[in-house]
Amino acid sequence: MFEGRQPSKIYAAIDLGTNNCRLLIAAYVGGQLVEIDRFSRIVRLGEGITSHNVLSREAMSRALDALRVCYRKLSMYQLDGFRFVTTQACRLADNADDFIERAQREAYINLEIISTEEEAKLAFMGCASLIRRPKKDVLLIDIGGGSTECVWGRFNEDNAFSIIGWFSLPCGVMTLSELFNEDQDTDCHYEQMLSHVLSILADNDQTPWGSHAFADVDMQVICASGTITTLTAVYRNLERYNRSEIDGLHLTTTQINDAINMIKLMNRQERTDHPCISSDRADLMLPGCAILQAIYQHWDIPLMTVADRGVREGIIYSLVNQDIAHEQAARKKQTARSEAVD
């Protein structure tokens, strides 16, 4: 796995979202991250959250089962750094503290509720290696189960990169699915969702360029979500989902629109039977497509970079950067002491 090199440090991250539980374990080897293990399971922790503001017993049970799998994987390694976070569902739930206590007691996982701002920035950091110059600006779209994070960054004249803004749309694939129950008239159902997301986006757009001015902006757009990765797999007619054939691809929004039309032509059973969609995601594909289409219509985006990465990777990069900073500070301190003795 490490080509004869011993990993200097091993890190782990869990991102427990409204829809998915995701784990990543990676080593920092020779200045690069090397993946050791990853795990993802749809748990629908936020099921019904918009109606009742509580995590249901069934949803918590599904999430705890997934966290137990994560713990078994984590216990196989001596970790040098880790962070386990949860997002929108627990931000909204009145009983989030009870669930977090159960996660610690029953699955031995200490979860931390992070803000929408930190979620957006971690997702951006996780996708940083996909940034390609000479574009001046970068916009990241992270479509989640309960919210959609939008964050953008910029290269300055000295080629230094920084995040300059972000905002969170109160709309994700699960919340939209629960708001618009799928009926027999797929086209009508889809258009209702699309109009709804367009109105939310218009009301929440905090970008400096505003709507329908994207053609004048020198920007790369990166989209990180199960929606766009699954759409890409369907569009490429893969026999089964393969991350290595998806992550980092560039798709025109015309191609994405063609893939959305392929999904719209499928009934629920056909989506369930598709090897790249499955029953776990069958009812979430149309809501995800509506969110994605609303975004590229609102900003008139011509091209997107597809990212099968996000918060987990961002957490690990941040842990690595913290360790590097501590090591540099320690070396400077030791150097200062040595010079003082001389």
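What follows is a short conversation about how some labels on this predicted model are earned.

Reader: What makes this protein as compact as a globular protein of that length?

Author: Start with the inventory, which is 13 helices and 11 strands. The radius of gyration is 21 Å, and the globule rule gives 20 Å for 342 residues, so the two values are close and the protein counts as compact as a globular protein of that length. The C-alpha trace spans about 80 × 50 × 40 Å along the principal axes. As for burial, 52% of the 342 residues count as buried.

Reader: How do you know which contacts join residues at least 24 apart?

Author: You take the contacts between residues at least 6 apart in sequence, and 72% of those join residues at least 24 apart. A contact here needs heavy atoms within 4.5 Å.

Reader: Why are β3 and β5 said to stand at the edges?

Author: The open sheet in question has five strands in the order β3-β2-β1-β4-β5, with mixed pairing. β3 (32–42) and β5 (112–113) each have a single partner strand, so one side of each is left without a neighbour in the sheet.

Reader: What makes β4 and β5 a pair?

Author: The cut-off is at least two bridges between the strands. Strand β4 (residues 81–86) is joined to β5 by two bridges, running parallel. For one you can look up, V85 has E112 in β5 as its bridge partner.

Reader: And how do you know how β2 and β3 run?

Author: Strand β2 (residues 20–29) and β3 run antiparallel, joined by 10 bridges. One bridge partner to look for is V34 in β3, which goes with A27. The two strands form a hairpin with two residues between them, and G30 in the turn has a positive phi of about 55°.

Reader: Why is β9 called mostly covered?

Author: Count the residues: strand β9 (residues 219–224) has six of its six buried. That takes in both faces, with M219, V221 and C223 on one side and Q220, I222 and A224 on the other.

Reader: Which strands pair with β9?

Author: Strand β6 (residues 137–143) pairs with β9 in the parallel sense over six bridges. Strand β11 (residues 303–307) also pairs with β9 in the parallel sense, over three bridges. I222 is a handy landmark, as it stands opposite L140 and opposite T305 in β11.

Reader: Why is Q88 called buried?

Author: Buried means under 20% relative accessible area. Q88 has 12%, so it counts as buried. You'll find Q88 in helix α3 (residues 88–92). Setting aside its neighbours within four places in sequence, Q88 is in contact with T18, T116, G146 and S147.

Reader: What makes N53 partly exposed, then?

Author: The partly exposed band sits between the 20% and 50% cut-offs. N53 has 36% relative accessibility, so it counts as partly exposed. It lies in the loop between α1 (49–52) and α2 (57–74). Its phi is near 60°, a positive value in a residue other than glycine.

Reader: How do you know where S278 belongs, buried or partly exposed?

Author: Its relative accessibility is 28%, so S278 counts as partly exposed. S278 is found in helix α11 (residues 278–281). Phi of S278 is near 75°, again positive in a residue other than glycine.

Key
Residues are numbered from 1 along each chain as its sequence is written. This is a predicted model: local features need pLDDT of at least 70, side-chain atom pairs count only at pLDDT 80 or more; totals for chains, interfaces and linings use all residues. Side-chain values use heavy atoms; hydrogens and water are left out. Helices (H or I, at least four residues) and strands (E, at least two) are DSSP runs, numbered from the N terminus. The radius of gyration is taken over C-alpha atoms; the globule rule is 2.2 Å times the number of residues to the power 0.38. Buried means under 20% relative accessible area, exposed over 50%, partly exposed in between (1.4 Å probe, protein chains only).
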